[in-house]
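Here is a friendly briefing to keep beside you at the bench. It walks through aromatic rings, cysteines and a helix pair, topic by topic.

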Amino acid sequence: DLSVQIEKIEDIAQCYEQMGKLDDAKDLYQQALDKKNPDYLNQIPRSYIALARIAEANLNYTTATNYLNKAISSNNQYNHNDESTYSYILNNQGVLFQKQYVFDEAIESFEQALKIRKELFGENSREYAQTSNGLGNVYHLLGDNQLALEYFQKTLLIEQSEYGAEHHSVASTLVNMANCYAELDQQSVALKYLKNAEQILDKYDLSPALLSVYSNLTISYIELSQIGDAENYLKKYYDLVRKLYGDFSLDLAKNYNLEGMLLHDEGNTEMAFHAFKRAIDIYEKLGLKESLNMASLLNNVGVANLEYHSYYEAKDYFDEALRIYETILPNDHHEIITTKMNLALVDDGKRNYQRAIEQYDEILNGFSTGKLDTINAATSLQNKAIAEQMLGLTEESILSTTRAIELLSEKLGENNSSVAGLNNNLGN
């Protein structure tokens, strides 16, 4: 029976897609599409949606858009604009807009899909969960991690109910939640979610979803200064990337960025520069010079130059990272604030203390709006106090140091070594 044959082809294609074998998946989805004409025209939109997903995963956004437009046309022509199918198209449009950093359109597409899916399938359906997850991803990228967590928590509850607690979709949502907690400066919570996700995905052979787990665990352990654990997960990440995608891919560029971060943290800055250069080369070849990934990488290169006291080089990298961030993200986004903090440190290093103070004041405005976390606010105050001291502004320096002590004491406790160090500075 042809319909059974088509269904089997698409099932195999979906397996290849989940395994990261995108070319094999594309070939099979195309085969299924060809077999649907002329007897199964009503199923054609589904094929176009699948082909759009493959194109999007390959960063071919124009091709993905064309496939989704064909899905809309064929859904109108053969299915009388079936609402269920249209919700799948809208959901994929949301993902595509998000990947292109067109956030308003992404939110609009996801919200339209969510409304349709609520009416058709209910608020506890897997379809609703898929779109809720998409909205969570957008708000996470926009820096609204509390709102993102609300969507991810809803997604998680539905997925656990629909698929069970050990499903790979559950693991992916746990990773999304970990990313939010990490940006909310709750590293221990983030680590717990990542380890839970790893435990689930270890049951799947060569799962591409493990890449996100390994990369985020590497970052978490770098942040926690647990270098041995960071090295272990970086090796796992690299090995899986090579097995899945060979010697050239977006994920390999991410690997080199992580390697550079780790080498720099270990004090091997010269080797870190080589790793960062490899990542930059791949991003440029992939046409991702204006991406958030590139901006993050440039920031890391700037930090390495800053600690080398190469202030002019550091400023160039920070300026370029800031330009990309400000093109894509809201002005009060934490990535923009962090980059401005780095630029203030450049002015400190170049002894432009007045300019540094002005930048720290601008940065600290983010703390009052909730966009700057406590640790970075305290660090900014501490650095501002040093700049004020260098200009002979003793009273202002004391006030800045006192405020930094208050913030760190609230966050870390009065007996923390950082608090003690600041108290010692204040005494001096």
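**Aromatic rings, cysteines and a helix pair**

Tyr151 is partly exposed, with 21% of its relative area accessible. Please keep in mind that this is a predicted model. Tyr151 is a good place to start, as its ring is stacked with that of Tyr139.

**Aromatic pairs**

- Searching the whole structure turns up 7 aromatic pairs.
- One of them joins Tyr101 and Phe103, whose rings are tilted at 55° between the planes, with 6.3 Å from centre to centre.
- Are these two partners buried or exposed? Phe103 is buried at a relative accessible area of 7%, whereas Tyr101 is partly exposed at 24%.
- The 55° angle falls between the limits of 30 and 60 degrees, which is why the pair counts as tilted.
- Tyr139 and Tyr151 form a stacked pair, with 5.9 Å between the centres and 5° between the planes.
- This pair links distant parts of the chain: Tyr139 belongs to helix 7 (residues 126–141) and Tyr151 to helix 8 (residues 145–163), and the two residues are 12 residues apart.
- Tyr139 has a relative accessibility of 14% and therefore counts as buried, because the limit for buried is under 20%.
- Tyr151, at 21%, is partly exposed.
- Which tyrosines are linked into a cluster by ring pairs? They are Tyr214, Tyr221 and Tyr233.

**A charge over a ring**

- Arg117 lies over the face of Tyr88. Its distance from the ring centre is 4.4 Å.

**Cysteines**

- A disulfide is a covalent bond between the sulfur atoms of two cysteines.
- How many disulfides does the model contain? The count is 0, with a cut-off of 2.5 Å between the sulfur atoms.
- Cys180 is buried, with a relative accessible area of 0%.
- Cys15 is partly exposed, at 43% relative accessibility.

**Helix 3 and helix 4**

- Helix 3 (residues 44–57) and helix 4 (residues 61–79) have axes that come within 8 Å and cross at roughly 170°.
- An angle over 145 degrees counts as roughly antiparallel, so helix 3 and helix 4 are roughly antiparallel to each other.
- On the helix 3 side, the residues that meet helix 4 include Ile44, Tyr48, Leu51 and Ala55.
- On the helix 4 side, the residues that meet helix 3 include Tyr61, Tyr67, Leu68, Ala71 and Tyr78.
- Glu56 of helix 3 and Lys70 of helix 4 are also among the residues where these helices meet.

Technical notes: Residues are numbered from 1 along each chain as its sequence is written. This is a predicted model: local features need pLDDT of at least 70, side-chain atom pairs count only at pLDDT 80 or more; totals for chains, interfaces and linings use all residues. Side-chain values use heavy atoms; hydrogens and water are left out. Rings of Phe, Tyr and Trp (its six-membered ring) pair if their centres lie within 6.5 Å; planes under 30 degrees apart count as stacked, over 60 as edge-to-face and the rest as tilted. Buried means under 20% relative accessible area, exposed over 50%, partly exposed in between (1.4 Å probe, protein chains only). Helices (H or I, at least four residues) and strands (E, at least two) are DSSP runs, numbered from the N terminus. A charge sits over a ring if NZ of Lys or CZ of Arg is within 6 Å of the ring centre and within 35 degrees of the ring normal. Axes are lines fitted to C-alpha atoms, for helices over the stretch in contact, and angles run from 0 to 180 degrees between N-to-C directions. Angles under 35 degrees count as roughly parallel, over 145 as roughly antiparallel, 65 to 115 as roughly perpendicular and the rest as oblique. Contact means heavy atoms within 4.5 Å.
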